[in-house]
Amino acid sequence: MQPSKGRPRGGGAGQESRVEPLDGHDPVPAEEAGQLRYDDPWYDALASGWGESSDGAQAQPVVPSARTEGDTEAATAAAADVYLEVQRSAAFQEVRRRYRKFVVPASVAFFTWYVGYVVTATTAPELMARPVAGAVNVAMVAGLGQFLSTFLLTWAYARHARLRRDRAALELRWDTQELTRGVSGGVS
């Protein structure tokens, strides 16, 4: 609502009842209080998956499906076969092998480093309390090393994915979509 800019309120020809909002903004006329304005960008935005309008009634689908239930089930079964075929392919197995070749050793190394830090901090407090420079001790350096190793591992993972897996995975994705589109009759 627009501010009054010095005009007196309720100075019109007819009496309007006003609803006082709780948030401190200008009052809204009672006939507008329960309605949404069309210039409101959220007036037609439902939460994903709720499917109910503001009055509690079930919302109707905007565009009904042209397929029958049997067509949908057949297309779903055929698409499932396509995904199983792609999963069994040598290209998919190569992408998974490259993924495991990086992730398993990196996870083991990082977990070992983390557990080593925690065990050392609890079993050897005198070692962790040893000063390195001024008020900075071994525990602080090792703790900062945990953060640094997390960032380095994230960078290494992203680089490995970009250089060794992303292109092959994208090609598999496109091939899968083309096969699925062909099975379902060209309708995605």
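How many residues apart in helix 3 are Glu-94 and Arg-97? Let's start there, and hello, everyone. They are three residues apart, which puts about one helical turn between them. Please keep in mind as we go that this is a predicted model.

That pair is worth a look in the viewer. Glu-94 and Arg-97 form a salt bridge, and their closest N and O atoms are 2.6 Å apart. Now slide along to Arg-98. Glu-94 also meets this side chain in a salt bridge, this time at 3.0 Å from N to O. Here the two residues are four apart in helix 3, so about one helical turn separates them.

The structure holds two salt bridges, and you have now met the residues involved: Glu-94, Arg-97 and Arg-98 are linked in a network.

Are these residues open to the outside? Each one is partly exposed. Glu-94 has a relative accessibility of 29%, Arg-97 has a relative accessible area of 38%, and for Arg-98 the value is 28%.

Let's move on along the helix. Helix 3 covers residues 90–123, and Phe-111 lies in it. Is Phe-111 buried or exposed? Phe-111 is exposed, because its relative accessible area is 55% and the cut-off for exposed is over 50%.

Phe-111 has company, too. Together with Tyr-114, Val-115, Val-118 and Val-119, Phe-111 makes a nonpolar surface patch of about 430 Å².

So, two places to find on your screens: the salt-bridge network of Glu-94, Arg-97 and Arg-98, and the nonpolar patch that includes Phe-111. Thanks for listening!

Notes:
Residues numbered from 1 in each chain as written. Predicted model: local features only at pLDDT ≥ 70, side-chain atom pairs only at ≥ 80, totals over all residues. Heavy atoms only, no water. Patch = residues over 30% accessible without salt bridge, like charges linked within 9 Å, V, L, I, M, F, W, Y side chains within 5 Å. Areas by Shrake-Rupley, 256 points an atom, 1.4 Å probe, with all protein chains shown as cover. Salt bridge = Lys/Arg side-chain N within 4 Å of Asp/Glu carboxyl O. Buried < 20%, exposed > 50% of the residue type's maximum accessible area, 1.4 Å probe, protein only.
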